[in-house]
Amino acid sequence: MKAIPRYLAILAILLIILYPLLWMVGSSFKSQEEVLSNVSIWPDSWTPGNYPDGWTHFKSASVAFGRFFANSALVALLVVVGNAASCLLAAYAFARLRFRGRRIWFAIMIGTLLLPGHVLIVPQFILFKQLGLVGGEFPYLPLVVPHFLATEAFFVFLMVQFMRGIPRELDEAAKIDGCSPFGVFRSVILPLSRPALVTTAIFSFIWTWNDFFRQLVYVSETTKNTVPVALRSFIDSSGQVSVGPMFAMSVLSLVPVFLFFLAFQRMLVEGINTSGLKG
């Protein structure tokens, strides 16, 4: 009985956190007028037509909303691969190898976490423009290429801390068996770093899928837009908003994130609860 107030408090907090999401789902079935007048979650009159209307909202550009899902999925998956591969290699160098200036370079890398991303967007754009990466048939290069160069200091730091929990005796045993530094990485570090890799993959996917500003800067062609930019396009030049269809597509845009998280949930929990080894 003593636990009942605690459970009720947790339930109340959960409802407060979930209310915006539930309201958005309910509003995706409301008409334009009802969205502006009815603040409750439950619609007075159901309007399921918002979903087909939102899916075909860009028919003037001869593109369905599914095209934007495909664009976002392509960018997010490339970023996941880039972050997982490059950050893992960089973390292995900082955590296991010995080279001159290692601590200084690691401190500089950590220092980049203090720089807001919006401060870097202008010099990055100028650099990518001079390199010829802006525009073209594949306008996603500025969004993808940096992630193959270990520019995400947070994930490098995460993996470095994880690798420091792996006993160095395993490295020494592998070297005795004739493994080179790359062999130690492939045979010892890589298998044991799976939880950290999964954590990196999950957050990389979610952050990239939800990214709006950088994708708005680098992608200008309508058929190349990603989901966040396409959702913004429901507001026309006069400021009018197709609210119902926009909420409907917003609900659908959450589905890939939930599915990706559920698919790797067990590994994510494993990465949080363990340090790579037991015993």
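Mentor: Buried means under 20% relative accessible area, exposed means over 50%, and partly exposed lies in between, with a 1.4 Å probe and protein chains only. The model is predicted: local features need pLDDT of at least 70 and side-chain atom pairs count only at pLDDT 80 or more, whereas totals for chains, interfaces and linings use all residues. Residues are numbered from 1 along each chain as its sequence is written, and side-chain values use heavy atoms, with hydrogens and water left out.

Trainee: What percentage of the residues of the protein chain count as buried?

Mentor: The C-alpha atoms fill a box of roughly 70 × 65 × 30 Å along the principal axes. The chain has 279 residues, and the buried share is 38%.

Trainee: How many helices does the secondary structure of the protein chain come to?

Mentor: Helices (H or I, at least four residues) and strands (E, at least two) are DSSP runs, numbered from the N terminus. The strand count is zero. The number of helices is 15.

Trainee: How many of the 17 residues of α11 are buried?

Mentor: Helix α11 covers residues 194–210 and reaches 24 Å from its first C-alpha to its last. The expected span is 1.5 Å times one less than the number of residues, and for α11 that is 24 Å, close to the span found. The helix is mostly covered, its buried residues numbering 13.

Trainee: How many salt bridges does the count come to?

Mentor: Side chains of opposite charge can pair when their charged atoms come close. The rule asks for a side-chain nitrogen of Lys or Arg within 4 Å of a carboxyl oxygen of Asp or Glu. The count of salt bridges is two.

Trainee: Which residue forms a salt bridge with D171?

Mentor: The closest N and O atoms of this pair are 2.7 Å apart. The pair links distant parts of the chain, 75 residues apart, with D171 in helix α9 (residues 168–176) and its partner in helix α4 (residues 65–96). D171 counts as buried because its relative accessibility is 5%. Also buried, at 8%, is the partner, R96.

Trainee: Is R214, the partner of D211, buried or partly exposed?

Mentor: D211 and R214 form a salt bridge with their closest N and O atoms 4.0 Å apart. D211 has 18% relative accessibility and therefore counts as buried. R214 has a relative accessible area of 22%, so this residue is partly exposed.

Trainee: What is the area of the nonpolar surface patch that includes L8 and L15?

Mentor: Patches are made of residues with over 30% relative accessible area and no salt bridge; like charges are joined within 9 Å and nonpolar side chains (Val, Leu, Ile, Met, Phe, Trp, Tyr) within 5 Å. Accessible areas come from the Shrake-Rupley method with a 1.4 Å probe, and for residues only the protein chains shown count as cover. L8 is in helix α1 and exposed at 54%, while L15, in helix α1 (residues 4–27), is partly exposed at 48%. The patch, with I4, L11 and L22 also among its members, has an area of about 810 Å².

Trainee: Which residue of the positive surface patch is found in helix α5?

Mentor: Lys and Arg count as positive and Asp and Glu as negative, while His and the chain ends are not counted. The place of a charge is taken as NZ of Lys, CZ of Arg, CG of Asp or CD of Glu. The patch is formed by R98, R103, R164, R168 and K175. Exposed at 69%, the residue in α5 (residues 102–111) is R103.

Trainee: What distance separates the C-alpha atoms of A95 and G165?

Mentor: A95 lies in helix α4 and is buried, with a relative accessible area of 3%. A95 and G165 are 70 residues apart along the chain, and their C-alpha atoms are separated by 9.9 Å.

Trainee: Which residue has a positive phi although it is not a glycine?

Mentor: The residue lies in the loop between α7 (141–144) and α8 (153–163). Its phi is about 55°, and the residue is A150.
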